[in-house]
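Hi,

Here is the structure I said I would pass on. Have a look at it first, and my notes follow below.

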Amino acid sequence: MAHLFGLARTKEAAKRLEARGVSVRMGDFADKKSLVSAFAGMERLLFILIPQANLQENVVATARKVEISFIAYMSINGIDYPKNDLEYKCRQTEALIAESGIKYTFLRNS
């Protein structure tokens, strides 16, 4: 049986998710320690792009630390043709995931 969790950074966000029937774990991409607790026991991770710099490294490093076996990353289409900063961040994140040794799929939304 699959167990799905949503990650919330604040208690208010957690309450909104719980009201929609989501099992919530508290965590903040800027706080590696909170991510270790939030990711504990998970096998797979759906990782949606983060527009802020340097948070991707925390997510990928923590996924590796807690031995997540698969990451599905919601990227964007056209990362090789930069129009704005998102393409660069997605390309950087995809490289981090590919280099991590974790199995992955990149979902490039257009």
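Let me start with a question: is Arg108 buried, partly exposed or exposed? This is a predicted model, and in it Arg108 has a relative accessibility of 42%, so it counts as partly exposed.

I start there because Arg108 is half of the salt bridge, and the structure holds 1 of those. The partner is Glu94, and the two side chains meet at 2.5 Å, N to O. The pair ties together distant parts of the chain: Arg108 sits in strand S5 (residues 103-109), Glu94 in helix H4 (residues 85-100), and the two positions lie 14 residues apart in numbering. Glu94 has a relative accessibility of 6%, and since the cut-off for buried is under 20%, Glu94 counts as buried. As background, side chains of opposite charge can pair when their charged atoms come close.

Now the overall picture. There are 4 helices and 5 strands, and from the N terminus they run β-α-β-α-β-α-β-α-β. For 110 residues, a compact globule would have a radius of gyration near 13 Å; this chain comes out at 14 Å, which agrees. The C-alpha trace spans about 40 × 30 × 25 Å along its principal axes. Of the 110 residues, 33% count as buried. If you look at contacts with a separation of 6 or more, 54% of them are between residues 24 or more positions apart.

For the surface and charges: the chain exposes about 7,300 Å², with carbon and sulfur atoms supplying 52% of that. It carries 16 positive and 12 negative side chains, and the centres of the two sets are 4 Å apart.

Back to the neighbourhood of Arg108. Which residue in the loop between strand S4 (70-76) and H4 should you look at? Asn77 is found there. Leaving out residues up to four places away in sequence, Asn77 touches Arg108, Asn109 and Ser110. The C-alpha atoms of Asn77 and Leu107 are separated by 8.5 Å, although these residues are 30 apart along the chain. With a relative accessibility of 47%, Asn77 counts as partly exposed.

Helix H4 has another residue to check, Ser100. Its relative accessible area is 10%, so Ser100 is buried. Again leaving out residues up to four places away in sequence, Ser100 touches Val60 and Arg64.

That brings us to helix H3 (residues 55-65), where Leu55, Gln56, Asn58, Val59, Val60, Thr62 and Ala63 are buried. What do the buried residues of H3 pack against? They pack against helix H2 (32-39), strand S3 (44-48), S4 and H4. For reading that list of positions, an α-helix has 3.6 residues a turn, so residues three or four places apart point the same way.

One backbone detail to finish. Just after H3, Glu67 takes a positive phi of about 65°, and this is a residue other than glycine. Most residues other than glycine have a negative phi. Glu67 lies in the loop between H3 and S4, and at 66% relative accessibility it counts as exposed.

Cheers

Terms used. Residues are numbered from 1 along each chain as its sequence is written. This is a predicted model: local features need pLDDT of at least 70, side-chain atom pairs count only at pLDDT 80 or more; totals for chains, interfaces and linings use all residues. Side-chain values use heavy atoms; hydrogens and water are left out. The radius of gyration is taken over C-alpha atoms; the globule rule is 2.2 Å times the number of residues to the power 0.38. Buried means under 20% relative accessible area, exposed over 50%, partly exposed in between (1.4 Å probe, protein chains only). Contact means heavy atoms within 4.5 Å. Accessible areas come from the Shrake-Rupley method with a 1.4 Å probe; for residues, only the protein chains shown count as cover. Lys and Arg count as positive and Asp and Glu as negative; His and the chain ends are not counted. The place of a charge is taken as NZ of Lys, CZ of Arg, CG of Asp or CD of Glu. A salt bridge is a side-chain nitrogen of Lys or Arg within 4 Å of a carboxyl oxygen of Asp or Glu.
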